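Please load the model in your viewer and keep the selection panel at hand. The tour below moves from one selection to the next and says what is to be found at each stop.

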Amino acid sequence: YNKFGDNMNKKVILLIIVFAILLGGLSFFYIFEKKHGISYYLKISLNGEDNASIKLGEEYIDAGAQAKYKDEVLEISSTNDIDNTKVGTYSYTYKVNYKGLSKEVVRTINVLDNIPPTIKINGRKNMVIVKGYAYEELGASAFDNYDGEITDITIEGEVDTNTSGTYEVTYKAIDSSDNEGSAVRTIRVVEETASSIPVLNYHFFYADSSEPCHEDLCVNMTNFRQQLDYLRDNGYYTLTIKEFADWMYNEIELPNKSILITIDDGAWGTGKANGNHLIPALEEYDMYATLFLITGFWDKENYVSPNLDVESHTNQLHYEQRCGYRSKVNCVPYETVLADLKTTIDILGTKQAFCFPFYESSDTSVQAVKDAGFRISFAGKGGNVRRTTDKYRIPRFAVHDSTTMDQFIWMVSI
């Protein structure tokens, strides 16, 4: 520069040098843009948020994505590994390819279980214990919609059976998604004990006149619910058949206002295959009853409920056969009765109680019931039951459709 400075204006030379530098730079940027500029204009983006969540089992519908090169809208491909039947974190990937280059965006999908485990209390949810008698913890079971059976159940609460009052025992279970389920058992400790227990006897139930139950033994469900309302509102304690039998044998004390509800046969409205009125009502009111089932007529599986005990009403001897008695069970030989009773025991898997058809019994049939191993049996009508009552001829109050509320109240109050 200094060498030529004498012959050329230094400013002109400087401009030439600057121009050369600029020309070289532009050439470089042209080549760079030619090769790499597409990456600056190729765009892909998600519609919506980067993260989404769905419930276990719920269908996932993605919001999509969009891709452009300058103003040109490009086609996008997508892949995902979502399994909505399993809790976890998944990916939904969108990808665009253009002139040898590619870009992608990913949305994270969380499959969540927000349903808590279901807790089923073993035995009664509402229990009454006479003061001084031990409380037996029956526990609970837990089932989760995702994890299945849960065996880790915590039990909280204590029951002081030496002090009258109301106590609560709480059962809790937590699933793998930290959802907690719980259920509460209420225990009432009372001092007054039952000296006698009324036993009610029903046969059939119907909801309206369109059902094939048109005799006085059929009780309208409106009437039945009114009767259950009275028992609930007045503090009656409906018994299981074992509780009643244990009381008869002086093995336990029962609270005042204890009552046993029984139903005969297994016909209209009593089972899931023939009207199904009885079981839903018992479960709704959380009350207990005993069904005496003719096992040769109906399948015991139609009567499964934690609120309903099922005991024997013969297998094939519930027929009319006049022999001085109306019931066939009193007209056939002892061996025939015994064999029939053993059949019902095999079918039902229990021999807590037996019920004689048509309220009738004979010395022969009663002996067969005893020899078959039944603890108690029912025969005859009317009267409250005391511990001095014949354990194999226990009477019951028959409830009919024509039974008024005043008559019903009298039955359960005497």
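**A parallel pair and its neighbours**

Begin by selecting strand E19 (residues 258–265) together with E20, which pair in the parallel sense over four bridges; helices (H or I, at least four residues) and strands (E, at least two) are DSSP runs, numbered from the N terminus, and two strands pair if DSSP finds at least two bridges between them. The model is a predicted one, in which local features need pLDDT of at least 70 and side-chain atom pairs count only at pLDDT 80 or more, while totals for chains, interfaces and linings use all residues. Residues are numbered from 1 along each chain as its sequence is written, and side-chain values use heavy atoms, with hydrogens and water left out.

Within this pair, show aspartate 264, which stands opposite phenylalanine 292 in E20. Adding helix H4 (residues 278–285) to E19 and E20 completes a right-handed β-α-β unit, where right-handed means that, with the strands pointing away from the viewer, the path from the first strand over the helix to the second runs clockwise. Next add strand E21 (residues 308–312), which runs parallel to E20 and is joined to it by five bridges; here leucine 291 has valine 310 in E21 as its bridge partner.

Now colour strand E20 (residues 289–293) by accessibility: five of its five residues are buried, that is, under 20% relative accessible area, with exposed meaning over 50% and partly exposed in between (1.4 Å probe, protein chains only). Ala289, Leu291 and Leu293 are buried on one side of E20, and Thr290 and Phe292 are buried on the other.

**The open sheet**

Move to the four strands that form an open sheet in the order E2-E7-E6-E5, with mixed pairing. Strand E2 (51–55) and strand E5 (77–80) stand at the edges with a single partner strand each, so one side of each is left without a neighbour in the sheet. Inside the sheet, strand E6 (residues 88–98) and strand E7 (residues 101–112) pair in the antiparallel sense over 11 bridges, and one place to look is glycine 88, whose bridge partner in E7 is valine 111.

Select then isoleucine 76, in the loop between strand E4 (72–73) and E5. Isoleucine 76 has 25% relative accessibility and therefore counts as partly exposed.

**Two pockets**

Turn finally to the largest pocket, whose volume is about 850 Å³. On a 1 Å grid over the protein atoms alone, probed at 1.4 Å, a pocket is an open set of points with protein on both sides within 12 Å along at least five of seven lines, and lining residues have an atom within 4 Å of a point; grid points are joined across faces, edges and corners, and a volume is the space filled by probe spheres set on the points. Of the 32 residues in the lining, Gly123, Arg124, Met127, Leu138 and Glu243 lie nearest the centre of the largest pocket. Strand E8 (118–121), strand E9 (126–130) and helix H3 (241–248) each supply at least two residues of this lining, and E9 gives the most, with four.

The second largest pocket holds about 290 Å³ of space. It is lined by 15 residues, with Asn126, Arg188, Tyr236, Tyr237 and Asp286 the closest to its centre. E9 supplies the largest share of the lining of the second largest pocket, three residues, so keep E9 selected while viewing this lining.
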